[in-house]
Amino acid sequence: MPPMLILGIESSCDETGVALYRSDDGGRLLAHALHSQVAMHEAYGGVVPELASRDHIRRISPLLRQALAQSGCSLGEIDAIAYTQGPGLAGALLVGAAFAESLAMALGVPSVPVHHLEGHLLSPLLSRTPPRFPFVALLVSGGHTQLMRVDGVGRYTLLGETLDDAAGEAFDKTAKLLGLGYPGGPALSALAEKGTPGVFRLPRPMLNSGDLDFSFSGLKTAVLVQVRELGGESALTETQRADIAQAFQAAIVEVLVKKSSAALRLAGLDQLVVAGGVGANRELRRQLDARAKKTGATVYYPEFEFCTDNGAMIALAGALRLQAGTPGKAAGSFAIRPRW
Ligand code: KG4
Ligand code: ZN
C-alpha cells in the first residue's frame, strides 16, 4: 500500500485531539494538537457533557489548522480521516464524527471510525521502541479496566475486566472522598507519594480470585468507612489524608500488578503494554517495572502525552486498520456508538 496521510480526531470525553500520521515504512506522527477541558469542568467536580460538546465545537477547527501548520501538509493531501466512534459521551462523539465525516465528504476521501479503546491499546506503538505483536495489554482508563491479549491489529482477546468501577474511576471517586479536586487521579497519586506505608491497611479486592477480573468499588467503600471512622473528610489531618491516599494507591497498584503478571504467565508472553490514563501513575510504573525485572518481562508505556486521550492514537489506529486491509468507509451517513 502506498504511504497515506491519515487525519485522526478524538472527541469522546473532555479532550479534543487532532493529529496527522503518515503511514510510510515505520509510520510517523507528523503533528498532534490537543485541547484539554479539565480546567473548564473543574468547577463542577466532573465532566459536564453539554459543556464538553460545545467546547469540542469551538476547538476542533483551530486544532486542525494547528496540526496542519505543524506538519507542513495541506488539507488536500489527506488520504483518509479516522475518528473516535465510541464509546464516550454521545454529544461529544457527535461533534468529532460529524466534523470528520463532513470533511471526508468534502475532500472525497474515506473515513475510518475507530474504537476509542483500540486507540489506547495501540498507542504504545507510537513510541520509539514499540512492542511487537503478540503482547498483553493492561488498559486502565477512567471508563475501562481490561487485560487483553493482542495478536495483531483487530485481533484482541479479552482476558479479564472490572466487574464494577474502572481503575481511573476508583482513583477519581476516592480522591473526592478525600476532598481533592477533579480530576482526582493525578492529585491523589501526588498526595500518596507523601504518605507513610502501613498506617492504614485497605483490602485488595479479588487479588486471589483465581481469574483476571477486577473489582474496585469495595476499595472505595473501605476508604469511605475509614474516613467516617476518623470523623469525616473535614476532620482529617494532612498526614492522615496522605496516609489514606498511600494505602489506596498501594492496594489498587498491587492488584493491577499481580493480575497483569498472571495474564502474562497464562498467555505465555513476555511483553506487557500499559495504556490509558492510569498508565501515567508513577507507583504503578515502579511496581510493574520491579516485577518485570524479576520475571524477565518487558513493560511498554506510551509517552506520557499519549497516555490520556489524544488524536495521535486515533490516527495511528486508523492507519493500521487501513494497512491491515480494513476498507475505509465511504463518507456520508454515520452513527456514533456511545456504549460500544
Ligand atoms: O484514558 P483517560 O485519559 O480517559 C478515559 O477514561 O478514556 O483516563 C483518565 C483517567 C482518570 O480517571 C484520571 O484520574 C486517571 O486516568 N489518571 C490517573 C493518573 N493520571 C490520570 N490515575 C492515577 N494516577 C495518575 N497519575
Ligand atoms: Zn481514553
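These are my notebook entries on an annotated binding site and the helices beside one of its residues, read from a predicted model.

**Entry 1: the annotated site.** I began with the UniProt record, an unreviewed entry, which places a "binding site" at Leu139, Val140, Ser141, Gly142, Gly143, Asp172, Gly185 and Asn281. Then I asked which residues of this set help line the largest pocket. I found Ser141, Gly142, Gly143, Asp172, Gly185 and Asn281 in that lining.

**Entry 2: two loops.** I looked up where two of the annotated residues sit. Gly143 lies in the loop that runs between strand 6 (135–140) and strand 7 (145–152). For Asn281, I landed in the loop between strand 9 (271–275) and helix 9 (282–295).

**Entry 3: Asn281 up close.** Is Asn281 buried or exposed? I noted a relative accessibility of 7%, and because buried means under 20%, Asn281 counts as buried. Leaving aside residues up to four places away in sequence, I listed its contacts as Phe171, Ser189, Gln249 and Val253. With one of these, Gln249, Asn281 shares a side-chain to side-chain polar contact of 3.0 Å.

**Entry 4: on to the helices.** Gln249 led me to helix 8 (residues 238–267), whose axis comes within 10 Å of that of helix 9, with a crossing angle of roughly 35°. I logged the crossing as right-handed. Helix 8 brings Gln249, Val253, Leu256, Val257, Ser260 and Ser261 to the contact, and helix 9 brings Glu283, Leu284, Gln287, Leu288 and Arg291. I was pleased to meet Gln249 and Val253 again here, as both also touch Asn281.

Key:
Residues numbered from 1 in each chain as written. Chains lettered and ligands numbered in written order. Predicted model: local features only at pLDDT ≥ 70, side-chain atom pairs only at ≥ 80, totals over all residues. Heavy atoms only, no water. UniProt positions renumbered as here; feature names shortened; annotations may be inferred. 1 Å grid on protein atoms, 1.4 Å probe; cavity = no way out; pocket = protein on both sides within 12 Å on 5 of 7 lines; lining within 4 Å. Helix = DSSP H or I, 4+ residues; strand = E, 2+ residues; numbered from the N terminus. Buried < 20%, exposed > 50% of the residue type's maximum accessible area, 1.4 Å probe, protein only. Contact = heavy atoms within 4.5 Å. Polar contact = N/O pair within 3.5 Å; in protein donor to acceptor, adjacent residues only side chain to side chain. Axes fitted to C-alpha atoms, helices over the stretch in contact; angles between N-to-C directions. Left-handed = near helix turned anticlockwise from the far one by under 90°.
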